[in-house]
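Grab a pencil and keep the viewer open. Try each exercise yourself before you read its solution.

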Amino acid sequence: MTTYPQLMKAIDSLPDSLYQSDFLLTWEKSVDELRKILLVAEVLRRLRRDNISTRCFESGLAVSIFRDQSTRTRFSFFSAANLLGLGVQDLDETRSQIAHGETVRETANMISFFTEFIGIRDDIFLGAGHAYMKQVAAAVAEGFQAGVLEQRPGVINLQSDIDHPTQSMADLMQLVQHFGSLDGLRGKKLAMTWAYSPSYGKPLSVPQGVIGLMPRFGMEVVLAHPEGYRLIPDVVSKAGLFAKENGGSFKVVTSMEEAFAGADVVYPKSWAPYHVMEKRTELLRAGDTGGLKELERECLAQNAEFKGWECTEEKMKLTRGGRALYMHCLPADISGVSCAAGEVAASVFERYRIPTYLQAGFKPYIIAAVMLTARLAEPVRLLRALKRRGRPRVG
Amino acid sequence: MTTYPQLMKAIDSLPDSLYQSDFLLTWEKSVDELRKILLVAEVLRRLRRDNISTRCFESGLAVSIFRDQSTRTRFSFFSAANLLGLGVQDLDETRSQIAHGETVRETANMISFFTEFIGIRDDIFLGAGHAYMKQVAAAVAEGFQAGVLEQRPGVINLQSDIDHPTQSMADLMQLVQHFGSLDGLRGKKLAMTWAYSPSYGKPLSVPQGVIGLMPRFGMEVVLAHPEGYRLIPDVVSKAGLFAKENGGSFKVVTSMEEAFAGADVVYPKSWAPYHVMEKRTELLRAGDTGGLKELERECLAQNAEFKGWECTEEKMKLTRGGRALYMHCLPADISGVSCAAGEVAASVFERYRIPTYLQAGFKPYIIAAVMLTARLAEPVRLLRALKRRGRPRVG
Amino acid sequence: MTTYPQLMKAIDSLPDSLYQSDFLLTWEKSVDELRKILLVAEVLRRLRRDNISTRCFESGLAVSIFRDQSTRTRFSFFSAANLLGLGVQDLDETRSQIAHGETVRETANMISFFTEFIGIRDDIFLGAGHAYMKQVAAAVAEGFQAGVLEQRPGVINLQSDIDHPTQSMADLMQLVQHFGSLDGLRGKKLAMTWAYSPSYGKPLSVPQGVIGLMPRFGMEVVLAHPEGYRLIPDVVSKAGLFAKENGGSFKVVTSMEEAFAGADVVYPKSWAPYHVMEKRTELLRAGDTGGLKELERECLAQNAEFKGWECTEEKMKLTRGGRALYMHCLPADISGVSCAAGEVAASVFERYRIPTYLQAGFKPYIIAAVMLTARLAEPVRLLRALKRRGRPRVG
């Protein structure tokens, strides 16, 4: 196990280039930057475990904007903010004056006078969520430049139409724990596969996040889905490129079994086909309720053709030694538990239930690390000071 | 008046057995444990009055889950958490993904990574609220054992179908103030009586909480209600047992006047009959709106037969010296103020209005004391340190 | 630029008469008291800019009650509270038990056990908002006197039917920055004028707040509106009186051009006519939906007669040197942006957009200064101590 000084030294050796930046897509960050976030998250985790306070904001807000339901990401964001001493405030767009014709540019500044971070979930409309986050980021950057804001709030993507970077980084952190080190991921096979679900319209951001991130650390990533369930083409081609650049590999197959064969890690998870999400976005914008109903019917009928895409005990036997790590961002559609037939057999899920909880548990630390690296020019100096100060978190 | 050192010594003399425990029913706690909570609450109250900070959490969340409306308990919980330095977060089940088939076991862990306490109000369904709290407690206990959670969140009952322990403990704290000491309660007569209300479906937890707690401190408790308004039989039989074990007494009568005769304390408060709550639970579960309407009609008609069960000036004259302490958990149904005819005459309520506010004011301290004793192995050490440190709360 | 010691000395020279007071109407405060708030706000602003923590509450709540939508005031209130170390809690009246017949007097105490401030927005009903705030203030004052509350919560008007004092004081703070000093306002002409909007029922509190405040600092205030759009008569007469007493001037005209002529500052902003707000209050109380629809129709038709009341480039040319400062409390109805035709031409607004953001940015500091001066007997002692302590706000 690595010691504090080793971790601090490792952090120190990486560039402090995340300062004043947003966290929207992992592929906008260098591998070194991502490593830095992982290391800072690990130090924060250890300090908390050792009952050492990591409070470093005496005041300041973390504002969340949730345009879709959320439990675990909401609590992860609030928990991360609280760990560092920030107050949290949700912008409930239905109760604000935004409907009165206020612009995004204006609102972004109005909520940011004392705001350090704006966390946004916006994954309903394809082509919209990421664009909205960029708009908010540009607005607060302008406000900061113009002296309206005395600090530059960092925008944190809590799930967009394109990426879910706090999720994929938490996933990565769990893989590091599982394989003992980041280098331990090299050559390991990860199957990111579609799975059947009786629900419809699930975002693409989780699989996209995973294939856009894991090949950068040398993993052998296989993306599997039935014909017609492809992801955003640009992200898929990025995944291939990243694999090449970083000694990993990436391929797309149309068989769950093929993906599972010899896999060290499996990540079976449902999503809607890209073209359905496109169509759905059009219909939502047009307010075409009839069209949406019809699309849902079609899509669920299409899904039903692929009920065989379930993570069963039989399929798990295909994995390396029959003991691949099962991952899920939760909540999973568990056959016989949360639905009649779903993404995963109840016995498989139950066996990996605690690991999926552990996986989720890394998210608050990732978010806190994103915050620290974005707001401090030299985060390692603070971490060393916190360790030295050793103020108890409780008691 | 007791001094700090005396209070600290008294706390020190009682076992530290509340550590890592939940707070669901007062009768799951020993008399010594309840005394410890009262004493810690009293120290916290004095420190705050003396402008000494009692902040002892540098980070951490207190999460609330309200399945029924609440003002005073909600603010009491938030205030208690804030007094100790915790951030607060409400789990709004309508805005989370819980509806998507997520299990209680999973959600409980997902909201608890940095959570110290989960406060729950669930008093709508008979047989459900307490069971739900036990489920949540078991889930976080499992998560803690499995290393998912780095701390064991304590579950705090903010009103269930069975007990309302933060209310009854606040009531007890007021009685201690009123009679000068806990020993001063011995032999005092408390009338916990049903009272007429034009509303329907009021929970049983307040009267149950009172009869399940006060006999343990030697009070002479009389429960009065019309035929057909009985409480959960198991709690009533516990009350009798507690009286026997602790030198108090307990009896059930069917006359408000009989209960008031010579009483030192009266607690007139409406509730729904046990069998109505059972029937209502069935109908609510079945979504039987027609049945619910009919039940409400019947129940209100039945209530109307007992309009004489009002706490009037005449009845107050029956109490010891005509000057019994009037108690209510608020809000009361005040005749001619909040309804045409209700639980209490306006002149009686107005005379005791400030005492009922004082009664409510003990709740945040009780909750804070529950928190401290559940999370610190030796709470007295912290209290002494806080006193010594003497950091101003304001300024 | 003034130094810290100069600012501290200036604060020290003014009476500490705001201690334990509410902040409901600026005209209930003396000019010296308002100057004190401005100076404290300025010191808080500098300390934050210099990364010096101004946290001075170790615990305590700031409670907000919003009876109308709000984004910027909501965030300003939360930000101010957070800057001083207070937790924030919104009283959502729809989710509390207030509907169960609880009185304002009771609720005010129930939410205030650990509460330092209650911020209220209540601007829908003419004759109601200010009255409600007074009721809440009287209730907590009584609770404090009776020992129910251990501190006297201050009530802060976050917009009533009569005044919007945190807005007008933020406006004043911007004018001080703009003209270099408070004395710099003497003799400057400010045009507070009605402007066309396609919406209806906008509160009167902003124009009333401005005309009730600026004449007290020697400004030449001109109020302009079409016939039939008058404000509350009592406030208008106060404005005249204040001008006389403080060396300013005040007059009412019915031409936007006349108001703009030679103005140093223009504040074009829509509001509903006083008599319409009165009528609307009656209809709202009566729940007369048909009547409200009809009133809206009439009012919008009346508004439409005054589409010429737009702040255009042409009108801006009439101001002193064509370069008056344009002010708005936001969000503005911008022609061609948020509506077809509105209060201000897009090019004018765009030119002054950043200044309006800066204007809004003073509000959290004003609120924090109101808080500090209401809760500390000698705020300057704390400010000096904070400066001396020099604890970093971040890092």
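Below are six exercises, each with a worked solution.

This is a predicted model, where local features need pLDDT of at least 70 and side-chain atom pairs count only at pLDDT 80 or more, while totals for chains, interfaces and linings use all residues. Residues are numbered from 1 along each chain as its sequence is written, and chains are lettered from A and ligands numbered from 1 in the order in which they are written.

**Exercise 1: a helix and its surroundings**

Work out what span helix α3 (residues 72-84) of chain A should have, and find how many of its residues are buried.

Solution. Start with the naming: helices (H or I, at least four residues) and strands (E, at least two) are DSSP runs, numbered from the N terminus. The expected span of a helix is 1.5 Å times one less than its number of residues. For the 13 residues of α3(A) this gives 18 Å, and the C-alpha atoms at its ends are 18 Å apart, which agrees.

Next comes burial. A residue is buried if 20 or more other C-beta atoms lie within 10 Å of its own, exposed if 12 or fewer, and partly exposed in between, with C-beta atoms placed from the backbone. In α3(A), 13 of the 13 residues are buried, so the rest of the structure largely encloses this helix. Just after α3(A) comes A:Gly85, with a positive phi near 100°.

**Exercise 2: laying one chain on another**

Find the turn and the shift that lay chain C on chain A.

Solution. Copies are superposed by least squares on the C-alpha atoms of residues with pLDDT of at least 70 in both. A turn of 120° with a shift of 0.0 Å along the axis lays chain C on chain A, with an RMSD of 0.0 Å. The two copies are thus related as by a three-fold rotation axis. In chain C, C:Gly87 has the C-alpha nearest the axis, 4.5 Å from it.

Now try chains A and B. A rotation of 120° with 0.0 Å of shift along its axis puts chain A on chain B, with an RMSD of 0.0 Å. In chain A, the C-alpha nearest that axis belongs to A:Gly87, 4.6 Å away from it.

**Exercise 3: where chains touch**

Which element of chain A gives the most to the side that touches chain B?

Solution. Two residues are in contact if their C-beta atoms, placed from the backbone, lie within 7 Å. The contact takes 28 residues from chain A and 29 residues from chain B. On the side of chain A that touches chain B, the elements giving two or more residues are α2 (31-49), α3 and α13 (346-361) of chain A. Of these, α3(A) gives the most, with six residues.

**Exercise 4: two helices in chain A**

Describe how helix α1 (residues 4-12) and helix α15 (residues 379-389) of chain A pack.

Solution. Two packed helices are described by the angle between their axes and the distance between the axes. Axes are lines fitted to C-alpha atoms, for helices over the stretch in contact, and angles run from 0 to 180 degrees between N-to-C directions. The axes of α1(A) and α15(A) come within 9 Å and cross at roughly 165°. Angles under 35 degrees count as roughly parallel, over 145 as roughly antiparallel, 65 to 115 as roughly perpendicular and the rest as oblique. That makes α1(A) roughly antiparallel to α15(A). Among the residues making the contact are A:Tyr4 and A:Met8 of α1(A), and A:Leu383 and A:Lys387 of α15(A).

**Exercise 5: another pair, in chain B**

Do the same for helix α6 (residues 165-179) and helix α14 (residues 363-375) of chain B.

Solution. Their axes come within 8 Å and cross at roughly 115°. That makes α6(B) roughly perpendicular to α14(B). For the contact, B:Thr166, B:Gln167, B:Met169, B:Ala170 and B:Met173 in α6(B) meet B:Lys363, B:Ile366 and B:Ile367 in α14(B).

**Exercise 6: backbone oddities**

Is B:Gln20 partly exposed or buried?

Solution. First, place B:Gln20: look in the loop between α1 (4-12) and α2 (31-49) of chain B. B:Gln20 is not a glycine, but has a positive phi of about 70°. With 13 C-beta neighbours inside 10 Å, B:Gln20 counts as partly exposed.

Then check C:Gln159, found in strand β4 (residues 154-160) of chain C. This residue is not a glycine either, and has a positive phi of about 125°. C:Gln159 is buried, with 26 other C-beta atoms within 10 Å.

Last, look at the peptide bond from B:Leu330 to B:Pro331, which is cis, with omega near -5°. B:Pro331 sits in the loop between β9 (325-326) and α13 (346-361) of chain B.
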